[in-house]
Amino acid sequence: MTPTIQIRNVTKRFGSFVAVDNLDLSIGKGEFFGFLGPNGAGKTTTIKMITGLYAPTSGSCLINGFDVHRDPVPAKRSLGYVPDQPFMYEKLTGREFLYFVGGIFSMPVAVVKERIGEYIEMFELGDFIDKRGEEFSQGMRQRIVLSAAMIHDPGVLIIDEPLVGLDPRSSRLVKDTLKWRTTQGLTIFMSTHLLEIVEELCDRIAIIKKGRIIYEESRGAARRSNGQLETMFLELTK
Amino acid sequence: MPQFILILNVKANAFIKNVTDFRLQSVFKNLSSVLIFGGVALGVFLLSRAATGYLLQQAHIGLFLFHRFLSMLLYVFFITVNLGNMIVCYATLYKSEEVTFLMGLPVPHLTIFAVKFIDNFFYSSSTLLLLGLALLLGYGSYFGMSPWFYLFTFAGVLLPFMLTAGVLAVIVLMILIRVASRVGIRWLLAGIMIIYLSAIYLYFSAVNPVDLVQQVMKHYPDVNAYFGYLDPPFVRYLPNHWVSEFMYWTVAGDPAHASWYLLTLFYILAALLVTAWMVARTYYYKSWVNASESRPPGSGRPGFLQVRSMEFGREGILPRPADVVLRRDFWVFFREPSQWLHLLLMFLLLMVFLVSISSLELKLTQPFLQTISYLVVFLFDGFLIASISLRFVFPALSLEGDAFWCIRSAPVSLRKLYWQKFIGSFLLIATTAEILSVASTSVLRDSPVLILVGSICTAFVALGLTSLNLGAGAYFATFREKNPIRIASSQGASLTFLAGMVYLGAVVALLVVPLNRYFEILIIRGTTSPGWLAIPLVAVGILTAIVFAGSTGVGLATLRRDF
């Protein structure tokens, strides 16, 4: 399988503190990858390096063969990102924010308009899409930011805690959408603390602790169920 | 009380940790602060001493007039401290996350109020306090005052004077927020603007500096006498008058008379502190709830401003993504009341300045005085441009805010984004600066050469100040701060403003000798010699290029930092 995301010997230091230590991972096309770890393990730091928000101290992150730091524009062209905190421009309405993101990805206006229509229906945004961001609840923001991450039809989606603040109905909607998208060839790199979601959705997982990978599942490993992952996670991270 | 001390202690520790952070970047920042603040303070000290000496020894205006000019300066100073405290108070006492956190704890509201008021006063007034001290030192050193004078005047006069302005600001703000919940924020803000502009206009109309000079100069050479009967009656009730009177009677050798004004200042400050305490006890929590529940005008819907050509979902003139960044900046700016209201206020002040200057007779017959008046007007133009740049250009990158992840993770060249912000800001600042320059220079002399020189210098200054503010704004970027006013009044912003003043001072220094030579030839021989002005223009151009390259380099390098 051709790797879509490659993390090559990546280290990130903040002063003398090593947040991520010589991380090496590769995720193939259409894979739903779960990235797990206890608090402060280095999950968000890794995600920020993949998305270009942090520069690695050493090593490189490649998206579709492009180095995110040396060749950021082509690398990010096929990238969608949902941060752990769904911040958006508070003075823009949800619709304006989606037009803005579409424009940032240089999409034609007509296509953005069409996609906004699709996402209004898919994520049930109709009630609040024309209100300003400052009026939104956490769940509304999360749905808008998810739509923004997918509006340009990315090949790679990086998600940091996707279900924070979502009600059960929206949560189901998001899970179904993400799973369906991977069958269409979308590669998903997801960090979450919700182990049952990982069991339900992910094809493969890795566990990080103190900046180092302590467990990485091989492709085609048997699927876990009935809380096996929780037992394994607690055992590995204690 | 223990809670009050505990919170202040935590704040003091955070401050101490900040200034004793010995990482290379922090040491560089702190050293730069000391150098620039120290340099400017030294400049103000020298200027204050030289101006005092010039006015008393060369211009022979006498002690009374000198202290009336000081009183006018203090009035503007008082309004600045008052307005600055009021603006920053709103962010500190009402919109800060710290207050929200403390309100959820069993801490009395009055304790929160007291802590945040002290925090706010020193945050928003520390630069002005330093400048006030430098002015005081310059003044005192001319009169050969003892060290006790400085200590006493700083702690016993300057600090209470500024505190009076600060306490008054917080009292008015608490009442205004309560009123705003009934009349609406827009009307209230418009009302405040009108009140402050009227206060400045009415004060200067009443004291009438030109008339005052003529009245006093009738008694020349006996101009050191006291002409208090010339003061309009209401002036006697103003704190700036008490301070200037204290200074006058101190240097006149009548401490008994001076102490009367000092006591008045203390009594009024004490009365205001008690009033603030009482108003806070009744209104602080209520007004905090009002401010927390209030929505900005037009929130929840796209807004009252309709500009169809700037709406999203339309084909733009610029290529994408530049087009959507422009649209976003437009809407984010015009949907934030503090942004467009400040812009409006600044343009009103520019208009007041232009109207005021057009009524002055500045075509002088002595070359040196003509040079001074030309450079003072140029410096004032520069000061206004520096203020506008600081307020609107410095926060430009910080205002990307927490949502900057959206741009940073997208296929957008950050260099292009920086240049787009620079070009947009420069066009606006340069246009404003040129209008100001042409309008103000034409009242000095009907000379196309001088207008051209002023225009070229202004273009350089606009370029220098825009690049300085954008670059420094990127370097000191605080993405967590949503309030543009707080961003523009942060320590980094103060440092940038002072650096801008140093740059303006250097431009003036490069112009002074050649300009004086030009006026000598023009006024004495009646011919023009533009050649005298070519060399300083080149020098100003080189200086600006250095400022531009340095600031832009720092700004672009900063964009590579982790977000």
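**Close-up views of chains A and B**

**View 1. The surroundings of Val461(B) in the predicted model.** Beyond its neighbours within four places in sequence, Val461(B) is in contact (C-beta atoms, placed from the backbone, within 7 Å) with Gly382(B), Ile385(B), Ala433(B), Leu504(B) and Val507(B). Residues are numbered from 1 along each chain as its sequence is written, and chains are lettered from A in the order in which they are written. Because this is a predicted model, local features need pLDDT of at least 70 and side-chain atom pairs count only at pLDDT 80 or more, while totals for chains, interfaces and linings use all residues.

**View 2. Two nonpolar cores.** Such a core is a set of buried Ala, Val, Leu, Ile, Met, Phe, Trp, Tyr and Cys residues joined through C-beta atoms within 7 Å; buried means that 20 or more other C-beta atoms lie within 10 Å of a residue's own. The largest has 113 residues, and Val170(B), Ile429(B), Val461(B) and Ala462(B) touch the most other members. Helix α3 (residues 62–94) of chain B, a DSSP run of H or I with at least four residues, gives the most to this core, with 17 residues. A second, separate core of 81 residues includes Met88(A), Val101(A), Phe105(A) and Leu186(A).

**View 3. Where chain A meets chain B.** Here you will find 33 residues from chain A and 31 residues from chain B. On the side of chain A that touches chain B, α3(A) gives the most, with six residues.

**View 4. Helix α1 (residues 2–19) of chain B.** Its 18 residues reach 25 Å from first C-alpha to last. Only one of the 18 is buried, so α1(B) lies largely in the open.

Conventions. Contact = placed C-beta atoms within 7 Å. Helix = DSSP H or I, 4+ residues; strand = E, 2+ residues; numbered from the N terminus. Expected span 1.5 Å × (residues − 1). Buried ≥ 20, exposed ≤ 12 C-beta atoms within 10 Å, placed from the backbone.
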